[in-house]
Amino acid sequence: MLQVNNISKQFGGIKAIDNLSFRVKKGTIHSIIGPNGAGKTTLVNMITGVYKVDDGTIFLDGADITNISTNKLVYRGICRTFQNLEICKNMTVLENILLGFDKYMDKGILKSCFRAKSILDDEQRYKERALHLLDLIGLKEYANIKANNLSYGILKKLEIIRALATSPELILLDEPVAGLNPKETQEVANLIKTVVKDEVTVILVEHDMKMVMDISDYITVINFGKFLAKGKPLQIQNHPEVIKAYLGNQS
Ligand SMILES: Nc1ncnc2c1ncn2[C@@H]1O[C@H](COP(=O)(O)OP(=O)(O)OP(=O)(O)O)[C@@H](O)[C@H]1O
Ligand SMILES: [Mg+2]
């Protein structure tokens, strides 16, 4: 479904992504792992049109999507969440999800917070699907509560559901359980494994190795922006190069 061919991205003297290639199969959870600074977020930003690709190509379902802007990619069925939560705190849970339907946004979610009224008037018909998604993850009772009254754990789930609201084909999750306690982590893992995977193909960037090993179909490992290994969870767990990369980089 997604084909990344020899892509590179340089920041000054740093090769954040260096001639990287991999493929993602439709209907799978495909994790991207690697030590801090390996280039994972940069890769997500390249696939989602936030950063321009210096070299190489990216194909989605056979169509070249290299350097297409983020808002156009939403129409192509690519959606993502952020390593740092981007939720509109002054809006309710339901309103935040309705922002996910706003395929017309031109400057990203946060800008949309300021013109929410017009969006919500237009998007009444999406309310039903938003409530359905909330129901699936047991958050329907929070629909009319403002985000600033809710825990970080609930907001992380909300961000995932909002990305799903656009009915994407491919969703990219950048550290969806960072900062969550073990119980919340398990809930988000279940959410990805059941609700999310049922609907879409998932690219997961995550440091929580237990979760990655539990829910991934395939894992690609990168280090210093380069491809290091690819395989099923057990293969990756026992891969000598992967073990070396982690032991060599972790404090
Ligand atoms: N906008 C930017 N400008 C300059 N350098 C950047 C930029 N974004 C990333 N980098 C550099 O690119 C490299 C890869 O960073 P990136 O954030 O992609 O790593 P990561 O694998 O997501 O790390 P982490 O696990 O800590 O989130 C780092 O050396 C980082 O400093
Ligand atoms: Mg990152």
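**Exercise 1. Locate Pro176 and state whether it is buried or exposed.**

Step 1. Pro176 lies in the loop that runs between β7 (170-174) and α8 (182-199). Helices (H or I, at least four residues) and strands (E, at least two) are DSSP runs, numbered from the N terminus.

Step 2. The relative accessible area of Pro176 is 4%, so the residue is buried. The classes are buried for under 20% relative accessible area, exposed for over 50%, and partly exposed in between (1.4 Å probe, protein chains only).

Step 3. Between Pro176 and Gly153 there are 9.7 Å, C-alpha to C-alpha, at a separation of 23 residues in sequence.

This is a predicted model, in which local features need pLDDT of at least 70 and side-chain atom pairs count only at pLDDT 80 or more, while totals for chains, interfaces and linings use all residues. Residues are numbered from 1 along each chain as its sequence is written, chains are lettered from A and ligands numbered from 1 in the order in which they are written, and side-chain values use heavy atoms, with hydrogens and water left out.

**Exercise 2. Find the aromatic pair, classify its geometry and place both rings in the fold.**

Step 1. Rings of Phe, Tyr and Trp (its six-membered ring) pair if their centres lie within 6.5 Å; planes under 30 degrees apart count as stacked, over 60 as edge-to-face and the rest as tilted. This rule gives one aromatic pair.

Step 2. The ring centres of Phe11 and Tyr51 are 5.3 Å apart and the planes stand at 75°, so the pair is edge-to-face.

Step 3. Phe11 belongs to strand β1 (residues 2-11), and Tyr51 to the loop between α1 (40-47) and β4 (55-60); the pair therefore ties together parts that are 40 residues apart in sequence.

Step 4. Phe11 is partly exposed at 34% relative accessible area, and Tyr51 is partly exposed at 30% relative accessibility.

Step 5. Phe11 and Tyr51, together with Ile14 and Val50, make a nonpolar surface patch of about 350 Å². Patches are made of residues with over 30% relative accessible area and no salt bridge, where like charges are joined within 9 Å and nonpolar side chains (Val, Leu, Ile, Met, Phe, Trp, Tyr) within 5 Å. A salt bridge is a side-chain nitrogen of Lys or Arg within 4 Å of a carboxyl oxygen of Asp or Glu. Accessible areas come from the Shrake-Rupley method with a 1.4 Å probe; for residues, only the protein chains shown count as cover.

**Exercise 3. Give the strand order of the open sheet that contains β1, and name its edge strands.**

Step 1. The open sheet has four strands in the order β2-β1-β4-β5, and the pairing is antiparallel. Two strands pair if DSSP finds at least two bridges between them.

Step 2. At the edges are β2 (14-24) and β5 (63-64), each of which pairs on one side only.

Step 3. β1 and β4 run antiparallel and are joined by five bridges. Gln3 has Phe59 in β4 as its bridge partner.

**Exercise 4. Describe how α1 is covered and what follows it.**

Step 1. The buried residues of α1 are Lys40, Thr42, Leu43, Val44, Asn45, Met46 and Ile47.

Step 2. Seven of the eight residues of α1 are buried, so the helix is largely enclosed by the rest of the structure.

Step 3. Just after α1, Gly49 has a positive phi of about 75°.

**Exercise 5. Trace the partners of β9 and describe its hairpin with β10.**

Step 1. β9 (residues 218-223) pairs with β10 (residues 226-231) in the antiparallel sense over five bridges. The bridge partner of Ile219 is Gly231 in β10, and Ile222 stands opposite Phe227 in β10.

Step 2. Strand β3 (residues 29-33) pairs with β9 in the parallel sense, over four bridges. Ile33 has Val221 in β9 as its bridge partner.

Step 3. Five of the six residues of β9 are buried, and the strand is mostly covered.

Step 4. The charged end of Lys230 sits over the ring of Tyr218, 5.7 Å from its centre. A charge sits over a ring if NZ of Lys or CZ of Arg is within 6 Å of the ring centre and within 35 degrees of the ring normal.

Step 5. The hairpin of β9 and β10 has two residues between the strands, and Phe224 takes a positive phi near 50° there. Phe224 is exposed, with a relative accessible area of 59%.
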